[in-house]
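This report describes selected features of a predicted model, and its topics are strand pairing, one helix, backbone geometry, salt bridges and cysteines. The sequence and structure are shown first.

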Amino acid sequence: MMEAWNPTIRDEEGPKYLAIVRILAEDIRSGRLPPGTRLPPQRSLARHLNVDLTTVTRAFKEARRTGLIDASAGRGSFIRAASPSLAKVATADPSGSVDFSMNMPPQPAAARLAERMESGLSRLSASAGFLDRMQYQDSAGNFADRAAGADWLGRRLGPVPVQRVIVAGGAQASLAAILTVVLKPGDALCVPILTYPGLRMAAERRGARLLPVSADGEGILPDAFLECCRLHRPRALYLVPTLDNPTTATIPTHRRERIAEIARTHGVAIIEDDAYGTLPPDAPAPFASFAGDITWHIATLSKCVSPGLRIAYVAVPGTNEAVRLAAELRAISMMASPLAAALASHWIANGDLDAIVAAIRHENGHRQAVAREALRGLAVHAHPCGHHLWLPLPPPWQRGEFGAHARQSGLSVILSDAFAVGPAPDAIRVSLGAAPDGEALRYGLSLLANLLAHPPGAITSIV
């Protein structure tokens, strides 16, 4: 029997078709629309809501994709026999926005992050010398925190002297300080043709010239880097060698060794942004493990624990470089947060940091599996342990037009322009970590897949 479903679209931001889906989900969850309820014809609902028929058609299509309703030709649309758990997803954000833009680690329950923070801070506050830790610290970090950082780094780099380890307030501050030490204004810096936007900003502030180096699915091409060295005499090379941001590429060992050989021959410093290096258990050895004398290695906790921790450990080529880097960090941020550094040291010592990373790695694997299913048939570049994926847009989509339609649909993604040093390809980065849970992720990916499946010529008929 058909119910008289007479919803009202509230005055809110976001596409109207998503507002209809959210109201439908709310009424299912509240019990106003029990399983098996037949919905009004789309044309009648469009008249009631004073919207175009195509808006209602798109809303019903989205409701089917997210499991709210079933439909069959000649019978109409019905609330699914089992009340869908996705109902809470559609009402979670009143704006209808789905954030795939922030490349952050998920926070699975298994990580027990809040519990570990509460326990760790309680132990620290009760420890002897806690108040001393809350005072100004050396800009390089106090000895205990540098030693903890050396322990953490040593698991992947091999033994690192404490004197060569700096505790910094995040990777971005570290990059800005390293560029100031390594480069003079006007110096050339080699970067992948698609590179991290934060590095681009820091390089611009330093007045460095960015030299794009061609790459393939395994990172930058050694021969292209060699040619760049011969023609332009760069001072440094910047890389995210494992789970590259944005392309997800991981440079294999043999290529890392060749790149390091070229850098050493031409007097080029390597800036190794190893933000994701702890996530894959089988990641190749970092550059700093075999070319530590020319490598500035950054290992942030923002991408493997939480961006709120704002702690990065930097292994520098030598003690003189450590002194210079500490001076630059002092000018930029005075010091890393002593409380955050102490908590990180505590977690390193008791194994909590390893457990958090393992939980995030496992959750990333689950989310990547969801993404593979939702985006099946598309040329997705991804890694099972990573937070993000790189997605070349299927023709005839172009990135500018896609970005406009994505915003209209309540999707937030990053276009390739943010990463390109030179011409930008038609591609987007999709970050999976910001979704609060798997249901929200599935909902957002279903919106993305639906949009990708309806390129410009088709979209005009359903908006």
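## A four-stranded open sheet

Four strands make up an open sheet with the order β13-β14-β17-β16, and their pairing is antiparallel. The edges are taken by β13, residues 381-382, and β16, residues 414-415, each of which has a single partner strand, so one side of each is left without a neighbour in the sheet.

At the β13 edge, the link to β14, which covers residues 388-392, consists of two bridges, and these two strands run antiparallel. One residue pair can be named here: H381 has W390 in β14 as its bridge partner.

## Helix α5 and its two sides

Helix α5 spans residues 113-126, a run of 14 residues, and the distance from its first C-alpha to its last is 20 Å, close to the 20 Å expected at 1.5 Å a residue. Its buried residues are L113, R116, G120 and L124. Viewed down the axis of α5, these buried residues fall within an arc of 65°, so they line one face of the helix. The general background is that an α-helix has 3.6 residues a turn, so residues three or four places apart point the same way.

What do the buried residues of α5 pack against? Their partners are the helices α6 (130-133), α13 (338-350) and α14 (352-374). On the other side of α5, by contrast, A114, E118 and A126 are exposed.

## Unusual backbone geometry

Most residues other than glycine have a negative phi, and most peptide bonds are trans. Against that background, a cis peptide bond joins N245 and P246, with omega at about 20°, and P246 is found in the loop between β9 (236-239) and α11 (253-265). Another cis peptide bond joins P395 and P396, where omega is about 5°; P396 is placed in the loop between β14 and α15, the latter covering residues 399-408.

Positive phi values also occur in residues that are not glycine. N50 has a phi of about 60° and lies in the loop between α2 (42-49) and α3 (53-65), where N50 is exposed with a relative accessible area of 69%. R112, whose phi is near 50°, is located in the loop between β3 (98-99) and α5, and its relative accessibility of 38% makes R112 partly exposed.

## Salt bridges

A search of the whole structure finds 16 salt bridges. In one of them, the side chains of D352 and R116 meet at 3.1 Å, taken from N to O. D352 belongs to helix α14 and R116 to helix α5, so the pair ties together parts that are 236 residues apart in sequence. Both D352 and R116 are buried, and R116 is also one of the buried residues listed for α5.

A salt bridge also joins R156 and D274, whose closest N and O atoms are 2.3 Å apart. Here R156 lies in helix α7, residues 143-157, while D274 sits in the loop between β10 (269-273) and β11 (295-300), so this pair ties together parts that are 118 residues apart in sequence. R156 is partly exposed at 23% relative accessibility, whereas D274 is buried at 4%. Another salt bridge brings together the side chains of E373 and R376 at 2.2 Å, N to O; E373 is partly exposed at 49% relative accessibility, and R376 is exposed with a relative accessible area of 61%. In addition, D151, R155 and D354 are linked in a network of salt bridges.

## Cysteines without disulfides

How many disulfides does a search of the whole structure find? The number found is zero. C190 is in no disulfide, and the nearest cysteine sulfur, that of C228, is 3.1 Å away. A disulfide is counted here when two cysteine sulfur atoms are within 2.5 Å, and the separation of 3.1 Å does not satisfy that cut-off.

For C228, which is likewise in no disulfide, the nearest cysteine sulfur is that of C190. C190 is buried at 0% relative accessibility, and C228 is buried with a relative accessible area of 7%.

Conventions. Residues are numbered from 1 along each chain as its sequence is written. This is a predicted model: local features need pLDDT of at least 70, side-chain atom pairs count only at pLDDT 80 or more; totals for chains, interfaces and linings use all residues. Side-chain values use heavy atoms; hydrogens and water are left out. Two strands pair if DSSP finds at least two bridges between them. The expected span of a helix is 1.5 Å times one less than its number of residues. Buried means under 20% relative accessible area, exposed over 50%, partly exposed in between (1.4 Å probe, protein chains only). The arc is that of the directions from the helix axis to the C-beta atoms. Contact means heavy atoms within 4.5 Å. A salt bridge is a side-chain nitrogen of Lys or Arg within 4 Å of a carboxyl oxygen of Asp or Glu.
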